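User: Could you take a close look at one part for me? I'd like to hear about the salt bridges and where their partners sit.

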Amino acid sequence: IVRRFYATYFNLDREKLEKLNKDMQNKILGSLKEFLSKQEGIRKVWTRKELEKACFEPHQKESFYKTQIYKDHFGDLICMPHPYCLISHYPKGCSHSTPYDYDTHVPLMILGNEIPRKRIRQTVWAGQLPVTIARLLHVPRPSASTYSLLPGIFE
């Protein structure tokens with residue numbers, strides 16, 4: 001019934017699953033979740049519905065997964081590995097699919113006449129970049145954005 005695995009989530013075969021009654025669907029999801037939870041290196045497992053209903057603070061590592069849920073893009077079972085554990089066919093590397101600093105840290109450099117030359121070491125979020133660029137270009141900020149400006153640029 002598992003159709004595909006990608007990074008930290010599993011997609012189930014929807015056609016097969018939807019042919020089953022709700023009790024059987026829940027039993028299968030529960031059994032898979034229980035199995036995955038017992039695997040070495042797995043910190044937490046959610047069904048998609050559980051993750052959609054969960055509430056996390058932005059600083060919590062678990063919020064990383066919740067913010068990745070899109071209508072047709074994400075798994076039916078989502079695994080959060082322990083730090084330095086990688087669910088992969090590859091023996092080395094990173095996946096950029098976990099909430100840990102080593103897997104999410106990406107240097108960001110913005111150059112321009114209006115931007116002071118400084119190094120900012122605090123954690124920032126990708127969603128802050130379009131808001132900041134809009135301000136630099138003197139255009140309206142993205143209408144759906146809830147993010148603040150990148151720190152240290154307009155001070």
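Analyst: Glu52 and Arg48 both belong to helix H3 (residues 48-53), and since they are four residues apart there, about one helical turn separates them. In this predicted model, the two form a salt bridge, with their closest N and O atoms 3.0 Å apart. The partners differ in how much they show: Arg48 counts as buried at 14% relative accessibility, while Glu52, at 39%, is partly exposed. The cut-off for buried is under 20%, so Arg48 makes it with its 14%.

That pair has company, as a search of the whole structure turns up five salt bridges. One of them joins Asp76 and Arg14 through their side chains, at 2.2 Å from N to O. Asp76 sits in the loop between helix H4 (63-66) and strand S4 (77-81), and Arg14 is in helix H1 (residues 14-18), so this contact ties together parts that are 62 residues apart in sequence. Here the acidic partner is the buried one, with Asp76 at 8% relative accessibility. Arg14 comes out as partly exposed, at 42%.

Another of the salt bridges links the side chains of Glu34 and Lys38, 3.1 Å from N to O. Neither partner is buried: Glu34 has a relative accessible area of 46% and is partly exposed, and Lys38 counts as exposed at 62%.

As for why such pairs turn up, side chains of opposite charge can pair when their charged atoms come close.

Technical notes: Residues are numbered from 1 along each chain as its sequence is written. This is a predicted model: local features need pLDDT of at least 70, side-chain atom pairs count only at pLDDT 80 or more; totals for chains, interfaces and linings use all residues. Side-chain values use heavy atoms; hydrogens and water are left out. A salt bridge is a side-chain nitrogen of Lys or Arg within 4 Å of a carboxyl oxygen of Asp or Glu. Helices (H or I, at least four residues) and strands (E, at least two) are DSSP runs, numbered from the N terminus. Buried means under 20% relative accessible area, exposed over 50%, partly exposed in between (1.4 Å probe, protein chains only).
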